[in-house]
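Welcome, and thanks for taking a look. Here is a short briefing to help you find your way around.

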Amino acid sequence: MSKNKTSTTKTTNNKRTTAKKTATKTTTDTQTSKTATNKALATVTKTTNSKKQETSNNKCYFNKSLQFIGLILVIIAVNFLSNQYIFKKDNVNEKIAKWISKNPKAILESVIGMQKEQAETQQQDMQKNIGTRIDDLYNRKDSPVKTSSNTDVTIIEFFDYNCGYCKKALGSIEKIINTDKKVKVIFKELPILGQSSEELAKIALAFNIIAPSKYFDFHSALMKSNARTADAAIKIAETKGIARAKINRILKKFEAKIKAEIDLNRELSAQIGIRGTPAFLVGEQLFPGAVGFETLQQAIKQERQKN
């Protein structure tokens, strides 16, 4: 009887020891997994930051890089796996964390692929939206234009006078106008950079109401200047032969009309997927950012081939 009791006690002690070892091992595995996960996340973060430094933005855009999505996905995935008993049992979460640590570029490549797919889908949606707003985009009489007789292709530019990339893009537009007399350019005032931009856009639209044939000269001068206030813009208008008093009178008389033009441009830009300035339309093809002369020239050539 004593032997049986002793045997039972040993068995119980062995079970307790085994359970304790299992619990200790589980805790150790979890800690190891968390350490590996932290290393993986640090590696991905480092690679992401490196990638961001290599990428330059040629647009005045508000959207931030979507590459942080990759980091978020990693956090969600690894944390989820670390909380699942089935994966703890076989240390799968630790293996995943180690794999991520050794292959951070694979995460970034996956995110970049996702971005590309989203961009293609967005582009298709934008194309559809452009087709539904042709009249407002191309045939609105209140929009300033630079044109000549017998034009066969039209470019639309959405811009902000305080946008550095818009100022840079002016050279390409001037070159197109000077070298191709069959191109019409429509200017869409899109003040997105604050109150100063709003004031400058209103002065420009008032100028266009007074002297539409001189608009492009004024537009170019204002874009090349460092003007940030209505007063500074009016001084430029005066150099083009338009009196200050007349500008102020038009601003007051056509306040609603000018505001409606700006509001419509904002509506159009949002509907066709423009997220910043500058942005160009050639036919129904959208070109975001400060594209160069050659890009616009090629787009014009393609549009002519359609006609």
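Phenylalanine 158 stands opposite alanine 279 in strand β6, and that pairing is a good place to start reading this predicted model. Four bridges join strand β3 to β6, and the two run antiparallel. From there we can move out to the rest of the sheet, then visit a few loops, cysteines and helices.

**The sheet as a whole**

- Which order do the strands of the open sheet take? The five strands are arranged as β2-β4-β3-β6-β7, and their pairing is mixed.
- β2 and β7 stand at the edges with a single partner strand each, so one side of each has no neighbour in the sheet.

**Strand β3 and its partners**

- β3 covers residues 153-159, and seven of its seven residues are buried.
- In a regular strand the side chains alternate between the two faces of the sheet.
- On one side of β3 sit Val153, Ile155, Glu157 and Phe159, while Thr154, Ile156 and Phe158 sit on the other; both faces are covered, and all of these residues are buried.
- With strand β4 (residues 183-189), β3 pairs in the parallel sense over seven bridges.
- The route from β3 to β4 goes through helix α7 (residues 164-179), and this β-α-β crossover is right-handed.
- Isoleucine 155 has a facing residue in each neighbouring strand: valine 185 in β4 and valine 282 in β6.
- Glutamate 157 stands opposite phenylalanine 280 in β6.

**Strand β6 and the hairpin**

- β6 spans residues 279-282. Ala279 and Leu281 point one way from this strand, Phe280 and Val282 point the other way, and all of them are buried.
- β6 is also joined by four bridges to strand β7 (residues 285-288), again in the antiparallel sense.
- Within this pair of strands, leucine 281 stands opposite leucine 286 in β7.
- The hairpin of β6 and β7 has two residues between the strands, and glycine 283 takes a positive phi near 65 degrees there.

**Backbone details in the loops**

- Where does proline 278 lie? Its place is the loop between β5 (276-277) and β6.
- The peptide bond leading from threonine 277 into proline 278 is cis, with omega near -5 degrees.
- Asparagine 150 belongs to the loop between β2 (145-146) and β3.
- Although asparagine 150 is not a glycine, it has a positive phi of about 60 degrees.
- Is asparagine 150 buried or exposed? Asparagine 150 is exposed, because its relative accessible area is 62% and the exposed class begins over 50%.

**Cysteines**

- How many disulfides does a search of the whole structure find? The search finds zero.
- Cysteine 166 is in no disulfide, and its nearest cysteine sulfur, that of cysteine 163, is 3.0 Å away. A disulfide would need the two sulfur atoms within 2.5 Å.
- Cysteine 163 counts as buried because its relative accessibility is 0%.
- Cysteine 166 likewise counts as buried, with a relative accessibility of 0%.

**Helices**

- Helix α9 (residues 215-224) packs with helix α10 (residues 230-239) at an angle of about 135 degrees, and their axes are 10 Å apart.
- That angle makes α9 oblique to α10, because angles count as roughly antiparallel over 145 degrees and as roughly perpendicular from 65 to 115.
- The crossing of α9 and α10 is right-handed.
- Leucine 137 lies in helix α6 (residues 134-138) and counts as buried, at 0% relative accessibility.
- What separates the C-alpha atoms of leucine 137 and asparagine 265? They are 8.6 Å from each other, although the two residues are 128 residues apart along the chain.

Technical notes. Residues are numbered from 1 along each chain as its sequence is written. This is a predicted model: local features need pLDDT of at least 70, side-chain atom pairs count only at pLDDT 80 or more; totals for chains, interfaces and linings use all residues. Side-chain values use heavy atoms; hydrogens and water are left out. Buried means under 20% relative accessible area, exposed over 50%, partly exposed in between (1.4 Å probe, protein chains only). Two strands pair if DSSP finds at least two bridges between them. A crossover is right-handed if, with the strands pointing away from the viewer, the path from the first strand over the helix to the second runs clockwise. Axes are lines fitted to C-alpha atoms, for helices over the stretch in contact, and angles run from 0 to 180 degrees between N-to-C directions. Angles under 35 degrees count as roughly parallel, over 145 as roughly antiparallel, 65 to 115 as roughly perpendicular and the rest as oblique. A crossing is left-handed if the near helix is turned anticlockwise from the far one by less than a right angle, and right-handed if clockwise.
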